[in-house]
Amino acid sequence: MRAANSIDIARWCARQGWPVHPLQPMGKIPMPGCSRCRISHPDHVPHSVEECGCLSRRLWCHGFHAATREPSLIDRWWSGNPHMGVGISTGPAELLVVDLDCHADTPPSELSDVLPAFSVPEELLRTVRNGIDAFRVLTQTLDGEDFTDGEHTLAVRTPSGGMHLYFRTPRQTTWRCSTGGNLKGVALGWQLDVRAHGGYIIAPGTQVAAGIYEPVGACRRPARLPGWLAGALERTGHLLTARPPAQRRPRVPNRARMATTSSATTSVWAAKVTATALSDVADCASRSEGTGWNAKVNRAAFTLGGLVAAGFIASQTDAETALLEAALHARPERERQARSIIQSGLVAGQRQPLTPKDR
Ligand SMILES: [Zn+2]
Ligand SMILES: [Zn+2]
């Protein structure tokens with residue numbers, strides 16, 4: 001497939017009913033927001049997505065939170081910036097995408113860690129070399145149909161050789177994203193992750209530095225999430241609610257109130273903590289020694305997770321975007337590892353809201 005124009009991709013997605021938001025040209029990260037919304041910017045002012053005026057001013061701040069289906073806004077965004085990529089906000093699109101990775105890692109030494117939530121014969125597990133294999137084995141075990149041929153649902157080959165399988169979620173259900181590249185978090189299995197509510201996926205046809213997200217087979221419509229897969233996702237902790245979220249009020253911990261009405265002093269404090277954490281990571285690039293990157297990314301993710309929980313950073317998306325930028329600035333070749341460290345650091349950090357008196 002030729003690389004399609006981003007604006008055509010965005011329009012196509014919107015016609016499917018999927019809200020879209022811009023990604024950095026050739027990249028997988030959302031476009032940075034305005035200086036007020038961008039947590040790594042000196043002019044950043046802590047605020048929640050709900051109280052941010054930028055979305056009503058039709059700016060693309062806060063990543064997938066800005067996603068839209070409005071044709072006029074899509075035209076405005078992408079005609080002015082034709083090289084931006086396209087992300088789909090999976091939750092509001094009522095999509096669940098299973099991300100089958102294809103990395104060169106050796107499979108877990110314990111075979112049962114490949115699909116730990118399921119009882120699968122060892123001789124099948126022994127054949128697994130990547131996420132595509134793992135999903136086929138899961139399919140076989142649960143007696144499901146083979147979706148990886150792209151004839152029964154929208155299946156998109158990723159530039160790294162993995163695959164995205166698209167499914168329509170049943171109306172009354174909300175599904176969460178997987179939380180771990182490692183198996184300590186919520187995951188369907190080894191190299192098997194899920195994008196749903198609170199996440200985004202790179203749209204079919206989008207070009208990134210490593211290649212194109214290319215649909216395979218003939219099917220261009222997501223199948224309805226089949227029962228066997230819904231059961232497997234529920235078993236692995238991906239079912240968030242059996243009803244659509246009511247007009248979602250943000251979960252505001254007590255201390256966050258202080259942050260949203262924060263004084264200038266605490267805002268300055270939060271901005272400084274954020275900037276220090278991010279520059280610690282980004283500065284690894286200028287050092288010759290290769291050590292310390294993991295620990296610094298992890299520490300920064302933990303810190304920013306604490307600031308998200310305390311309401312100093314609008315959303316986990318903003319923290320993820322900024323952390324990924326800093327981590328890849330230092331080690332451009334370690335994207336997958338960065339994502340995994342950032343995910344687990346953010347999750348851990350959010351259990352401990354961070355306020356000035358904690359420092
Ligand atoms: Zn903004
Ligand atoms: Zn904002």
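Four donor atoms count as tetrahedral around a metal if all angles lie between 85 and 135 degrees. In the predicted model described here, this criterion applies to the zinc ion (ligand 1), whose 4 donor atoms subtend angles of 103 to 114 degrees, so that the arrangement is tetrahedral. The donors in question are the SG atoms of C34, C37, C54 and C61, which coordinate the zinc ion (ligand 1) at 2.2 to 2.3 Å, and along the sequence these donor residues are spaced C-x2-C-x16-C-x6-C. Distant parts of the chain are linked in this way by the pair C34 and C61, which are 27 residues apart and both lie in the loop between β1 (20–23) and α2 (71–80). The two cysteines can also be described by their accessibility: C34, at 25% relative accessibility, counts as partly exposed, whereas C61, at 1%, counts as buried.

A second metal site adjoins this one through a shared ligand, since C37 coordinates both the zinc ion (ligand 1) and the zinc ion (ligand 2), the two ions being 4.0 Å apart. The protein donors of the zinc ion (ligand 2) are C37 (SG), H47 (NE2), C52 (SG) and H62 (NE2), which lie 2.1 to 2.2 Å from the ion. Around the zinc ion (ligand 2) the 4 donor atoms subtend angles of 104 to 117 degrees, and the arrangement is therefore tetrahedral. The spacing of these donors along the chain follows C-x9-H-x4-C-x9-H. Here the pair that links distant parts of the chain is H47 and H62, 15 residues apart, each located in the loop between β1 and α2. Both histidines, H47 and H62, are buried.

Burial is also a feature of helix α4 (residues 131–141), which is mostly covered, with 8 of its 11 residues buried. The buried residues of α4 are G131, I132, D133, A134, F135, V137, L138 and T139. These residues pack against strands β3 (95–100), β4 (155–157), β5 (163–168) and β7 (192–195), and also against helices α3 (122–125) and α5 (227–235).

Two helix pairs were examined for their packing geometry. Helix α7 (residues 264–282) and helix α8 (residues 293–309) pack at an angle of about 160 degrees, and their axes are 8 Å apart. Because of this angle, α7 is roughly antiparallel to α8, and the crossing of the two helices is left-handed. On the α7 side, the residues that meet α8 are W269, A270, V273, T274, A277, L278, D280 and V281, while α8 contributes K296, V297, A300, T303, L304 and L307. As background to such contact patterns, an α-helix has 3.6 residues a turn, so residues three or four places apart point the same way.

The other pair consists of helix α9 (residues 316–330) and helix α10 (residues 335–349), whose axes come within 10 Å and cross at roughly 140 degrees. The helices α9 and α10 are therefore oblique to each other, and α9 passes α10 in a right-handed crossing. The contact is made by Q316, A319, E320, L323, L324, A327 and L328 of α9, together with E335, A338, R339, I342, Q343 and L346 of α10.

Terms used: Residues numbered from 1 in each chain as written. Chains lettered and ligands numbered in written order. Predicted model: local features only at pLDDT ≥ 70, side-chain atom pairs only at ≥ 80, totals over all residues. Heavy atoms only, no water. Donors = N, O, S within 2.8 Å, 3.2 Å for Na, K, Ca; no water. Tetrahedral: all angles 85-135°; square planar, octahedral: opposite > 155°, others 65-115°. Helix = DSSP H or I, 4+ residues; strand = E, 2+ residues; numbered from the N terminus. Buried < 20%, exposed > 50% of the residue type's maximum accessible area, 1.4 Å probe, protein only. Axes fitted to C-alpha atoms, helices over the stretch in contact; angles between N-to-C directions. Parallel < 35°, antiparallel > 145°, perpendicular 65-115°, else oblique. Left-handed = near helix turned anticlockwise from the far one by under 90°. Contact = heavy atoms within 4.5 Å.
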